[in-house]
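This report looks at charged side chains and their pairings. Please have the sequence and the coordinates open.

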Amino acid sequence: MVKYEELLKTLENGINSEEGEIRLVRKSQGRFKEEFNFDLSLGSKPLLTLKVFLGRKPYWQPWVEVFGVNPNLRNVFFGSEAERKLYEFLSEHFGRIFVEYFEDKETTYELQKGVPPALSRLGFELLKLGYTYFRDWYIPEGLMEGGHKIQAEKPKTEEAKKRHLENLKKEFEEFIGKCEDEGLIKKVKERYNFLEHEGSS
């Protein structure tokens with residue numbers, strides 16, 4: 001289970017980054033007792049919201065959703081140390097994460113061009129943190145499920161990890177065979193080669 005008090009304390013104390021301090025400014029109850037909403041700021045400005053689900057044994061596992069990035073901060077947050085540090089912190093507590101990418105124009109473009117979610121700009125940040133199962137949730141109408149988000153999960157076994165990475169290799173090869181954007185191909189190849197190098201080191 002998630003160490004809720006530790007999670008809360010870290011966010012209340014703040015996470016330092018080059019772009020400013022990420023800090024909890026408001027906490028509210030979610031739809032049920034295990035769910036909470038955390039509004040975070042970056043410096044003095046509203047940044048985003050975390051929806052935290054602590055899990056309910058034996059049926060539901062914990063997860064966290066990152067959404068509602070302030071449009072005025074998207075060019076500051078995406079690709080920044082603040083973004084990386086937030087995901088790194090969340091990865092220590094959650095084996096399943098959902099990240100909304102609506103304001104992340106690079107990730108949106110790449111997914112529209114057929115880049116495998118794990119090798120998109122956003123997905124690659126999560127892949128480096130040990131998440132190996134990926135799914136792109138693109139729901140045009142949005143509704144209760146949200147509109148544009150990547151789901152990522154850490155493998156529970158080595159066998160699952162191997163299976164996930166084999167699937168990623170197939171997705172990568174299919175993308176390379178279909179894509180006609182040489183610049184995008186180069187970028188995705190660099191990400192995949194980094195993964196291959198890390199796996200063999």
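Is Glu153 buried or exposed, and what is its relative accessible area? Glu153 is buried, at 15% relative accessible area. The cut-off for buried is under 20%, so Glu153 falls in that class. Note that this is a predicted model.

Glu153 forms a salt bridge with Arg96, at 2.9 Å from N to O. This pair links distant parts of the chain. Glu153 sits in strand β7 (residues 148-153) and Arg96 in strand β5 (residues 96-100), 57 residues apart. Arg96 is partly exposed, with 26% relative accessibility.

The whole structure holds 15 salt bridges. Among them are these three:

| Acid | Base | Closest N and O atoms |
|---|---|---|
| Asp39 | Arg26 | 2.7 Å |
| Glu153 | Arg96 | 2.9 Å |
| Glu106 | Arg191 | 3.4 Å |

Asp39 and Arg26 pair across two strands. Asp39 belongs to strand β2 (residues 35-42) and Arg26 to strand β1 (residues 22-29), so their salt bridge ties together parts 13 residues apart in sequence.

Glu106 and Arg191 pair across two helices. The salt bridge between Glu106 and Arg191 has its closest N and O atoms 3.4 Å apart. It links distant parts of the chain: Glu106 is in helix α4 (residues 105-112), Arg191 in helix α7 (residues 182-200), 85 residues apart. Glu106 is partly exposed at 32% relative accessibility. Arg191 is buried at 9%.

Which residues are linked with Glu106 and Arg191 in a network of salt bridges? Glu110 and Lys187 join them in that network.

Key: Residues are numbered from 1 along each chain as its sequence is written. This is a predicted model: local features need pLDDT of at least 70, side-chain atom pairs count only at pLDDT 80 or more; totals for chains, interfaces and linings use all residues. Side-chain values use heavy atoms; hydrogens and water are left out. A salt bridge is a side-chain nitrogen of Lys or Arg within 4 Å of a carboxyl oxygen of Asp or Glu. Helices (H or I, at least four residues) and strands (E, at least two) are DSSP runs, numbered from the N terminus. Buried means under 20% relative accessible area, exposed over 50%, partly exposed in between (1.4 Å probe, protein chains only).
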